[in-house]
Amino acid sequence: MPPNAQGALLALLSFAIYALHDVIVKYLGGFYSPVQIVFFSGLFAFPLATLILIRESQPGTLRPVHPWWMAVRTVSAVITGFAAFYAFSVLPLAQTYAILFAAPLLITILAIPLLGEVVGPRRWAAVVVGLCGVLVVLRPGGTDLSLGHLAAVVAALMSSLVSVIARKIGREERSVVMLLYPILANFVVMGALLPFVYVPMPAVDLGALALMSAMAFVAATLIIQAYRAGEAVVVAPMQYSQILWAVFTGAVFFDEYPDAWTVAGAAIIIGSGMYIVLRERGKSRSTSPVLRSRPRFETGIIPRVRFFRGDARDEAKVTGASND
């Protein structure tokens, strides 16, 4: 099998597992607060994080080089986890994914003031069209907007900020530092809030949370293999397959069927993101926000792909700007 085909298939399998992970989030969200789900998800994922911490061989302390940027990134990751899990709990899966898929567009915008990237008219046009797609999904004035819609938008924005800050400080910060602080923050913040929302969980639901952590680990591992086998320009767009899984699982498990507006808006958002991906191809002097930063939104619970690969600093390097 050609390497790119292998990479694409591995990525499709990974995002299928992520989609099933989010089905469990939505199911549990019908009974428990996102605070409780995030807390126990992080708790069950902690053994994995510990193994990664042990694997770290780079010498140094756990004090961040850029404490204020690290603080902003940590807070953003905590907000992302809570907001994304809440959105999955109360919104149709397909609608939630459609809004979250706007994150690469937001990264392109945030990269201008934070990274000094120059965005040319073609990419600006793609961003504007994609954000119009978000408006099509939300339909302000034509549908009742809820806290779930706001949560999905906040998750997309905060996750984008996490990615851009990681790119900004990643050359100087140790990978273990960038991994540890969001995990500890989630544990402390969600743990402090847990007594106010805690509902006793039967063993089957605790097992579902443990399964979520295992699925996230397997999916992240498959993404590693996908990027090793194929080109990023082939692998990265596979994330959009999650919208198809969302339609299928939403119909099967929750009796959800996306309306025409959601389908149209998702198509616009995905088309814009795909255009940016294709424009990034072969342009080494770009920050490559979609290709290298968006395999999955970051919640500070499960380590992102770069921590498994051990090349956070390489992926964070910004060698110039793209004017396309």
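Q: Before we start, what counts as a helix or a strand here?
A: Helices are DSSP runs of H or I with at least four residues, strands are runs of E with at least two, and both are numbered from the N terminus. Please keep in mind that this is a predicted model.

Q: Ok, so how much helix is there in residues 94-112, and how far apart are the ends?
A: That span is 89% helix and 0% strand, and its end C-alpha atoms lie 30 Å apart. UniProt, in an unreviewed entry, lists residues 94-112 under "transmembrane region", together with other spans including 35-54, 147-166 and 234-254.

Q: And what about residues 234-254?
A: Over residues 234-254 the chain is 71% helix and 0% strand, with 32 Å between the end C-alpha atoms.

Q: Switching to rings, how many aromatic pairs are there in the whole structure?
A: A search of the whole structure gives 10 aromatic pairs. One of them joins Phe101 and Tyr240, whose ring centres are 5.0 Å apart and whose planes stand at 80 degrees, which makes the pair edge-to-face.

Q: Where do Phe101 and Tyr240 lie along the chain?
A: Phe101 belongs to the loop between α4 (93-100) and α5 (103-115), while Tyr240 belongs to the loop between α10 (232-235) and α11 (242-254), so their pairing ties together parts that are 139 residues apart in sequence.

Q: Are those two, Phe101 and Tyr240, buried or exposed?
A: Both Phe101 and Tyr240 are buried, and they form one aromatic cluster with Phe88 and Tyr97.

Q: New topic: how many salt bridges turn up in the whole structure?
A: The search finds 1 salt bridge, in which the side chains of Glu256 and Lys26 meet at 3.1 Å, N to O. Glu256 sits in the loop between α11 and α12 (260-280) and Lys26 in helix α1 (residues 3-29), so this contact ties together parts that are 230 residues apart in sequence.

Q: Are Glu256 and Lys26 buried or exposed, then?
A: Glu256 and Lys26 are both buried. The charged end of Lys26 also sits over the ring of Phe254, 5.4 Å from the ring centre.

Q: Last thing, which residues have the most contacts inside the largest nonpolar core?
A: Leu28 and Met212 do, in a core that has 64 residues. Setting aside neighbours within four places in sequence, Leu28 is in contact with Ile37, Asp205, Ala208, Leu209 and Met212. There is also a second, separate core of 15 residues, which includes Leu110, Leu115, Met158 and Ile169.

Notes:
Residues are numbered from 1 along each chain as its sequence is written. This is a predicted model: local features need pLDDT of at least 70, side-chain atom pairs count only at pLDDT 80 or more; totals for chains, interfaces and linings use all residues. Side-chain values use heavy atoms; hydrogens and water are left out. UniProt positions are given in the numbering used here, feature names are shortened, and annotations may be inferred rather than shown by experiment. Rings of Phe, Tyr and Trp (its six-membered ring) pair if their centres lie within 6.5 Å; planes under 30 degrees apart count as stacked, over 60 as edge-to-face and the rest as tilted. Buried means under 20% relative accessible area, exposed over 50%, partly exposed in between (1.4 Å probe, protein chains only). A charge sits over a ring if NZ of Lys or CZ of Arg is within 6 Å of the ring centre and within 35 degrees of the ring normal. A nonpolar core is a set of buried Ala, Val, Leu, Ile, Met, Phe, Trp, Tyr and Cys residues joined through side-chain atoms within 4.5 Å. Contact means heavy atoms within 4.5 Å. A salt bridge is a side-chain nitrogen of Lys or Arg within 4 Å of a carboxyl oxygen of Asp or Glu.
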